[in-house]
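Reader: Hi! I'm in my first year and still learning how to read a protein model. Could you take me closely through one part of this one, the pocket, and then show me what lies around it?

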Amino acid sequence: MRKFIYVYCIVFHLLLFTQVGLAHKKSIKERKPCKRIVLYLHDTMFNGTNGFNATSATVANGTKLGNFKFGLLAVFDDPMTTDNHLLSPPVARAQGFYFYDMKTTYNSWFGYSLIFNSTKYKGTINIMGADMMDEKTRDLSVVGGTEDFFMTRGIVTFRTDIFQGFDYFRVQMDIKLYECY
């Protein structure tokens, strides 16, 4: 019986240390994106007087829960440019919605598609995720696409380039795609 316990302990420790050793050998290999695009999103909120220039509008007003527009829902059809100039020719459109979803600070959730129809790219990239506006950079998920971006996956890093109250903001979007077909 004593010999059995002794052998059992040795086998148990060997298995345990082998598993611990194997666990430490696993590492996340940093992958390079198969495609990278940097674009600027220009959002001009409708304020009642700028109907010709507005690219987004509030469709559900915020609640009185906090001072951070909690519950406000906006839809948008924003131009995407390759530089930070609003009047540069758009290379895509960002079409979708965002809503403010935090009562204690500005935070929003985005769901939208980038629609490309140019000589360089055709198709869509679908993006969704939380935009924690207090952070310098924020990552949202690329969850799919069509045509040139068929079934793509990746990350979009947001960086606020300019913010002019509630009327206008510009976001730099660094799009890194890791699955390209």
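Author: Happy to! Let's begin with the pocket itself: the largest pocket holds about 230 Å³ of space. Its lining is made up of 15 residues, and those closest to the centre are Tyr100, Met133, Thr160, Phe163 and Phe169. Where does the lining come from? Two or more residues each are given by strand 4 (92–100), strand 5 (108–117), strand 8 (153–164) and strand 9 (168–179). If you sort the lining residues of this pocket by character, you get 9 nonpolar, 3 polar and 3 charged.

Before going further, please keep in mind that this is a predicted model. The chain has a mean pLDDT of 85, and 84% of its residues reach 70 or more. That confidence varies along the chain: among its elements, helix 1 (residues 2–25) has the lowest mean pLDDT, 53, while strand 7 (residues 137–145) has the highest, 96.

Strand 7 is a good place to go next. On one side, strand 7 pairs with strand 6 (residues 122–131) in the antiparallel sense, over 4 bridges. A hairpin of 5 residues joins strand 6 to strand 7. To find this pairing on your screen, look for Ile127, which stands opposite Val142 in strand 7. Strand 7 also runs antiparallel to strand 8, and 6 bridges join these two. Here you can look for Arg138, which stands opposite Phe158 in strand 8. Strand 8 brings us back to where we started, as one of the elements that give two or more residues to the pocket lining.

Now follow strand 9, another of those lining elements, to the segment after it. Cys180 lies in that segment and Cys34 in the loop between helix 1 and strand 1 (35–44), so this pair ties together parts that are 146 residues apart in sequence. The tie is a disulfide, with the sulfur atoms of Cys34 and Cys180 1.9 Å apart. The structure holds 1 disulfide. With 75 degrees about the S-S bond, the link of Cys34 and Cys180 is right-handed.

Are these two cysteines buried, exposed or something in between? Partly exposed means between 20% and 50% relative accessible area. Cys34 has 42%, so Cys34 is partly exposed. Cys180 has 34% relative accessibility, so Cys180 counts as partly exposed too.

Methods:
Residues are numbered from 1 along each chain as its sequence is written. This is a predicted model: local features need pLDDT of at least 70, side-chain atom pairs count only at pLDDT 80 or more; totals for chains, interfaces and linings use all residues. Side-chain values use heavy atoms; hydrogens and water are left out. On a 1 Å grid over the protein atoms alone, a cavity is a set of points where a 1.4 Å probe fits but cannot get out, and a pocket is an open set with protein on both sides within 12 Å along at least five of seven lines; lining residues have an atom within 4 Å of a point. Grid points are joined across faces, edges and corners, and a volume is the space filled by probe spheres set on the points. Ala, Val, Leu, Ile, Met, Phe, Trp, Tyr, Cys and Pro count as nonpolar, Asp, Glu, Lys and Arg as charged, and the others, Gly among them, as polar. pLDDT is the predictor's confidence in each residue, from 0 to 100. A disulfide is a pair of cysteine sulfur atoms within 2.5 Å. Buried means under 20% relative accessible area, exposed over 50%, partly exposed in between (1.4 Å probe, protein chains only). Two strands pair if DSSP finds at least two bridges between them.
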